[in-house]
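User: Please take me slowly through one part of this model, and explain each term when you first need it.

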Amino acid sequence: MSQQHAEHFRPPQQARSRESLNKLLVAAEHVLSTGGVEEFTVAAVAEHAGVSVGAIYRRFTGKDQLLQAVKEQLMAQLETTVAEALGSAGPELPDLIGAFTRAMADTFSHHTRTFPELLSGQRAEGVERGLQALATIQQSLAEAARPHLDGIRRPDPERALRIATRTIISSCVHRAATCQAWSDELSWAEWASETTDIAVAYLTR
């Protein structure tokens, strides 16, 4: 977990304790995704995890710190997934754009309702961590695409790449937040393919 987060919560060192913590965080994410922040309580998480309320309070000071732990885990997962996807992508710019977009889709598709809850309406440090993650993945793509800037047919290739990257990210976040009520009738894989085509067309044509 990040240094900022470590000031609020000390992650366990032993494997058994880490497994126990992961069980709590999975339960916490389930409660958050099904009921939203309004229904997110320590008691609800304890019930879903099959543990006592006291067991949670032995790890966390309360609801806010538990929420922050869920957010930290998901933001770190997003950063890792994108970095790994870019690291194994093909050599051309469209390969990188496609890998980035698919990594976003893959991560958000498994946490469709959770990410929107965590990316808005939280305390200042929570919002900051979400923005940090988005900035990190944007920078990851910028660095991976640096050798291909001459293939971007825009007056300012770096600026164009930032616009394309932020458009992909914004579209993904918006889709996760609205797809339950406003379906685009696409699977996440189809969304990733179409969005990649749009971004590549903007950059290269």
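Analyst: A residue counts as buried under 20% relative accessible area, as exposed over 50%, and as partly exposed in between, using a 1.4 Å probe and protein chains only. This is a predicted model, in which local features need pLDDT of at least 70 and side-chain atom pairs need 80 or more, while totals for chains, interfaces and linings use all residues. Residues are numbered from 1 along each chain, and side-chain values use heavy atoms, without hydrogens or water.

The part to look at is helix α9, together with its surroundings. The protein has 10 helices and zero strands, where helices (H or I, at least four residues) and strands (E, at least two) are DSSP runs numbered from the N terminus. Along the chain the elements therefore read α-α-α-α-α-α-α-α-α-α. Of the 205 residues in the protein, 43% are buried. Among contacts (heavy atoms within 4.5 Å) with a separation of 6 or more, 70% are between residues 24 or more positions apart.

Helix α9 covers residues 157–178, and its partner α10 covers residues 188–204. Their axes lie 10 Å apart and make an angle of about 160°, where an axis is a line fitted to C-alpha atoms over the stretch in contact, and angles run from 0 to 180 degrees between N-to-C directions. Because angles over 145 degrees count as roughly antiparallel and those under 35 as roughly parallel, α9 and α10 are roughly antiparallel to each other. On the side of α9 the residues that meet α10 include Ala 160, Leu 161, Ile 168, Cys 172, Arg 175 and Ala 176. On the side of α10, Trp 188, Trp 191, Thr 195, Ala 199, Tyr 202 and Leu 203 take part in this contact.

The loop between these two helices contains Glu 185. Glu 185 is not a glycine, and yet its phi is positive, at about 60°. Is Glu 185 buried or exposed? Its relative accessibility is 73%, so Glu 185 counts as exposed.

Helix α9 also packs against α6, which covers residues 93–109. The axes of α6 and α9 come within 10 Å and cross at roughly 20°, and the two helices are therefore roughly parallel to each other. From α6, this contact involves Ile 97, Phe 100, Thr 101, Met 104, Ala 105 and Phe 108. From α9, it involves Leu 161, Thr 165, Ile 168, Ile 169, Cys 172, Val 173 and Ala 176. Comparing the lists shows that Leu 161, Ile 168, Cys 172 and Ala 176 of α9 meet residues of α6 and also residues of α10.

Thr 196 in helix α10 helps to connect these surroundings. With 10% relative accessibility, Thr 196 counts as buried. Setting aside residues up to four places away in sequence, Thr 196 touches Pro 94, Ile 97, Gly 98 and Thr 101. Of these, Ile 97 and Thr 101 are also among the α6 residues that meet α9.

A further neighbour of α9 is Gln 138, found in helix α8, residues 124–145. At 16% relative accessibility, Gln 138 counts as buried. Apart from neighbours within four places in sequence, Gln 138 is in contact with Arg 162, Thr 165, Arg 166 and Ile 169. Gln 138 and Thr 165 are 27 residues apart along the chain, while their C-alpha atoms are separated by 6.3 Å. Thr 165 and Ile 169 thus appear twice in this account, in contact with Gln 138 and in the contact of α9 with α6.

Notes
Parallel < 35°, antiparallel > 145°, perpendicular 65-115°, else oblique.
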